[in-house]
Amino acid sequence: MNKQHKLRELEEVLIAQSTSDGDGVQLKRVFGGSDLARFDPFLMLDEFGSDKAADYIGGFPSHPHRGFETVTYMLAGQMEHRDHMGNVGSLGPGDVQWMKAGSGVIHSEMPKQEEGKMHGFQLWVNLPAREKMTPASYNDIDANSIPSYQLNGVAIKSIAGELEVNGEKVSGVVIGLSTDPSYLDVSFSSDQQVDINVPDGYTALVYVYAGFAVIGDSNYQLSQGKLARLSRDGRLLLSGGSETKLLVITGRPIGEPIAHRGPFVMNTMDEIHQAIRDYSDGTLV
Ligand code: MN
């Protein structure tokens with residue numbers, strides 16, 4: 001069978017779990033924590049969202065990262081980022097912040113509102129060993145600069161990567177990374193299908209944050225708050241309805257050992273212990 005005619009199948013469905021992080025921020029952890037190789041090159045996805053200030057007002061005060069990239073995508077509300085490099089970034093609806101922690105960053109992510117709705121996502125993307133100790137960098141991406149596409153009633157915002165969707169090339173803002181991540185926000189307006197040509201061997205994840213979706217030719221309805229991890233070869237076929245909103249996240253696996261402790265993701269526990277020492281000695285950044 002021609003590989004292009006093969007459809008990716010459901011390997012696993014995960015239900016986003018309520019938890020808290022930072023200074024008491026209530027959020028849903030979609031995946032992350034243990035057994036991370038199956039998501040390679042991705043490490044974690046959180047959905048934060050509430051219209052109650054008490055759920056987000058504590059924010060994420062000053063904390064470190066080393067060894068990976070954090071991607072924050074806002075749907076509603078205002079957040080402010082400050083880091084040790086002197087960057088101050090304001091994130092509003094539709095904005096994205098793509099931060100490479102590299103060898104070390106110390107930053108805060110705090111709400112810039114005292115009431116009203118806050119909603120967004122944070123994705124962690126791993127770095128290969130050769131890039132883990134490279135300098136930190138920071139990219140504030142304005143909502144207006146994120147390409148949007150209308151494909152037969154399906155609206156697609158393309159934050160990262162280049163994929164062919166329904167036969168059309170869809171290009172994002174962030175391209176050229178070694179893990180070649182693609183990050184799409186897909187909104188359906190009626191019963192429609194999207195057919196995405198994801199390179200063979202790549203990890204593909206679909207997270208439904210409103211409505212439901214059906215993957216490939218399965219009968220399983222992936223409802224709001226569920227993530228599908230798909231098999232690594234073939235096209236990604238998604239069906240949705242008028243309420244459906246979902247994220248499509250794909251990338252090239254790194255294939256290296258993952259050692260993870262809190263805000264540090266390295267290849268070995270020795271490197272993790274070094275990061276912890278560097279942070280407590282004040283030499284992380
Ligand atoms: Mn952070």
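1. Let's start with glycine 59, which sits in the loop between S4 and S5 of this predicted model. Is glycine 59 buried or exposed? Its relative accessibility is 1%, so glycine 59 counts as buried, the cut-off being under 20%. Setting aside neighbours within four places in sequence, glycine 59 touches Gly22, Asp23, Val25, Glu109, Met110 and Pro111. Glutamate 80 is 21 residues away from glycine 59 along the chain, and the two C-alpha atoms are separated by 9.6 Å.

2. Glycine 59 also belongs to the wall of an internal space. How many cavities of 30 Å³ or more does a search of the whole structure find? The search gives two, and the largest cavity holds about 70 Å³ of space. Its lining consists of Val25, Gln26, Phe48, Gly49, Ser50, Asp55, Tyr56, Gly59, Phe60, Met79, Pro111 and Met118. Strand S3 (25-31) and strand S4 (42-50) each supply at least two of the lining residues, and the largest share, three residues, comes from S4.

3. Now for the open space. The largest pocket contains about 320 Å³. Of the 20 residues that line this pocket, Asp21, Arg29, Met44, His65 and Trp124 are the closest to its centre. The elements giving two or more residues to the lining are S3, S4, S5 and strand S11 (118-126). S5 gives the most, with four residues.

4. The metal site may be what you look at next. Which residues are the protein donors of the manganese ion? They are His63 (NE2), His65 (NE2), His107 (NE2) and Glu109 (OE), at 2.1 to 2.5 Å from the ion. Their spacing in sequence is H-x1-H-x41-H-x1-E. Distant parts of the chain are linked here, with histidine 63 in strand S5 (residues 60-65) and histidine 107 in strand S10 (residues 105-111), 44 residues apart. Two of the residues named above turn up in the earlier points as well: His65 is among the residues closest to the centre of the largest pocket, and Glu109 is one of the contacts of glycine 59.

5. The strands carrying these histidines are paired. S5 and S10 run antiparallel and share four bridges, and histidine 63 has histidine 107 as its bridge partner in S10. Histidine 63 and histidine 107 are both buried. S10 also pairs with strand S7 (residues 79-83), again antiparallel, through five bridges. Aspartate 83 is the residue opposite histidine 107 in that case. Five of the seven residues of S10 are buried, so this strand is largely enclosed by the rest of the structure.

6. There is also an open sheet of seven strands, in the order S1-S22-S19-S24-S17-S14-S13, with antiparallel pairing. Why is one side of S1 and of S13 left without a neighbour in the sheet? Strand S1 (10-15) and strand S13 (148-151) stand at the edges, and each has a single partner strand, so one side of each stays unpaired in this sheet. On average, neighbouring strands of the sheet are turned by 20° against each other, direction ignored.

7. At the S13 edge, S13 pairs with strand S14 (residues 154-160) over four antiparallel bridges, and glutamine 150 has alanine 155 as its bridge partner in S14. The loop between S13 and S14 contains asparagine 152. Asparagine 152 has a positive phi of about 50° although it is not a glycine. Its relative accessible area is 61%, so asparagine 152 counts as exposed.

8. Two further backbone details deserve a look. Most residues other than glycine have a negative phi, and most peptide bonds are trans. Asparagine 166 has a positive phi near 50°, and its place is the loop between strand S15 (162-165) and strand S16 (168-171). With a relative accessible area of 27%, asparagine 166 is partly exposed. The peptide bond from aspartate 40 to proline 41 is cis, with omega near 15°, and proline 41 lies in the loop between S3 and S4.

9. Finally, a residue in a helix. Aspartate 278 is part of helix H2 (residues 269-281). Its relative accessible area is 11%, so aspartate 278 is buried. Apart from neighbours within four places in sequence, aspartate 278 is in contact with Arg66, Thr283 and Leu284.

Key. Residues numbered from 1 in each chain as written. Predicted model: local features only at pLDDT ≥ 70, side-chain atom pairs only at ≥ 80, totals over all residues. Heavy atoms only, no water. Donors = N, O, S within 2.8 Å, 3.2 Å for Na, K, Ca; no water. Buried < 20%, exposed > 50% of the residue type's maximum accessible area, 1.4 Å probe, protein only. Contact = heavy atoms within 4.5 Å. Pairing = 2+ DSSP bridges. Axes fitted to C-alpha atoms, helices over the stretch in contact; angles between N-to-C directions. 1 Å grid on protein atoms, 1.4 Å probe; cavity = no way out; pocket = protein on both sides within 12 Å on 5 of 7 lines; lining within 4 Å. Points joined across faces, edges and corners; volume = space filled by probe spheres on them.
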